[in-house]
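Biologist: Could you take me through one part of this model closely, the surface around a DNA strand, and tell me how far to trust the chain beside it? I am in my first year, so please explain the terms as you go.

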2 protein chains.
Amino acid sequence: MVIDAQNGLGAGRTARFQTLPEQIAENVFAKIVSGELAPGDRIREDHLADEFGVSRAPVREALRILERDSVVLITPNKGARVTQLSVKEVSDIFELRRELMGLMLSGLDITGNGVLERMERAVSEMERIVEANEDAPQFSEISYRISRAILVACTNDKLTEILQSLSRQTRRYTELGLASQARRQESARLWREMLEALKTNRRQDAIASAARLIDASCREAVCRLEEEQLVAQAATR
Amino acid sequence: MVIDAQNGLGAGRTARFQTLPEQIAENVFAKIVSGELAPGDRIREDHLADEFGVSRAPVREALRILERDSVVLITPNKGARVTQLSVKEVSDIFELRRELMGLMLSGLDITGNGVLERMERAVSEMERIVEANEDAPQFSEISYRISRAILVACTNDKLTEILQSLSRQTRRYTELGLASQARRQESARLWREMLEALKTNRRQDAIASAARLIDASCREAVCRLEEEQLVAQAATR
DNA sequence: AATTTTTATATTGTCGACAATTAAAAAGTT
DNA sequence: AACTTTTTAATTGTCGACAATATAAAAATT
């Protein structure tokens, strides 16, 4: 049995060389991001085991991997649930990302490692997508690619790790978050602004652009969360 | 079988209500902090299983818990090792702590929750210990108690979580780190400085004191790490 | 009828055994 | 003798079965 996906949990290993628990974790993560598994949903070990045609042992390890990123919450003797974040928690995560992003940018190493070139290509691609008004999934993908391109130049590995983890914790709400054309245009504009600032070594400007980018993303995520809560409320009533 | 320790991995649960894997994780963590298990040491599942009189299943879960805090590194099919940090990595972790501590202090809620009072008691106790020139273990303990006292007032739970995790990742090198009387005096002085700044609502001063506190701790940790590396080098030769 | 107690069911936790993989040792080859 | 290949041993990974615990349903009590 071989599952395929690369969301960063297996850290750069291709499906063929990922362990079974990593593959399962990726797969469950994908279900959470896509909404197939909603926040608060219970995750039963034997169900996953049946689904993937394995025993519960690797499934348990997969759940531990997801717990590490706060994607699921495991309660002893009660099992795992998809993590349910409050508006406060989402805001807190984005606040941290904003601050840490600033820290990362101020220490960023962009000399002779091709980072600016790779970013230029990615941002251009994003501008092309926005221009052509293509569908949202593509946009999310390119958005993450730019993020990854910067993180390569981060000089503090622990910081990289934390930023990636925080990003995953709210991916549920950012994945198709750039819904409106206006939002996508703004996003592309801010990425471009940030890139140009980096090129001309205006770090503070780059940091400001990044902060605006993250704040916009935060507002969008909070909106989606509140929508979701309304729907959940209506269903319970 | 009941093991006893409370290092924050089991998040406030007393030994009686900790799960078996949590108890094992605490115990192994204690061994790492004490130096009984050194960085790079391999950890064999069956050895731990024998030692605690359990099967490998709960041991594996314990290792996953420790991996979440980067205390051990699990490599697929090869097993777990005590995480070995480079000087760069230790510096990176402390740099993050310094920045995040600043962020925490700027948002700290110290109104009518008894935090300042609890800190005052803890800092006074520290000053007493320094005065009496008591032994180091007591000092480490009180030091962590002050940290915990502040964290209660942190308004961003995710930030609290990250700060605690980062602290544990270098505990190996900070535990008996306040060795010299001079260092302990300086530490007590800086904590006092920070507390007084908080009392009179001079946030920037509090942040500056915290930064100096962390930087001093970092220098000490790096020293200990370098000592350790020299010893390891000598042993290999 | 409402509340508690008991029983039954569902689900996670732990175990011992075996399979898969890696590391070490032995045998073979140039 | 140095290098490859094969065999052996050690260790982790997965499995199915059972134990412990929590949830749900039924029975008993007030």
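Modeller: Here is a look at the surface near DNA strand C, followed by the confidence in chain A. This is a predicted model, in which local features need pLDDT of at least 70, side-chain atom pairs count only at pLDDT 80 or more, and totals for chains, interfaces and linings use all residues. Residues are numbered from 1 along each chain as its sequence is written, while chains are lettered from A and ligands numbered from 1 in the order in which they are written.

Around DNA strand C there are 16 residues, the closest being A:Gly79, B:Leu20, B:Val54, B:Ser55 and B:Asn77. Here "near" means that a residue's C-beta atom, placed from the backbone, lies within 6 Å of the strand. Two or more residues each come from helix H2 (45-52) of chain A and from helix H1 (20-34) and helix H3 (56-68) of chain B. Helices are DSSP runs (H or I, at least four residues), numbered from the N terminus. H3(B) gives the largest share, 3 residues.

Now for confidence: pLDDT is the predictor's own score for each residue, from 0 to 100. Chain A averages 90, and 90% of the residues score at least 70. Among the elements of chain A, helix H4 (residues 87-107) has the highest mean pLDDT (98) and helix H6 (residues 136-151) the lowest (88). Over residues 1-7 of chain A, though, the pLDDT is below 50. Where pLDDT is low, the predicted coordinates should not be read in detail.

Notes
Contact = placed C-beta atoms within 7 Å.
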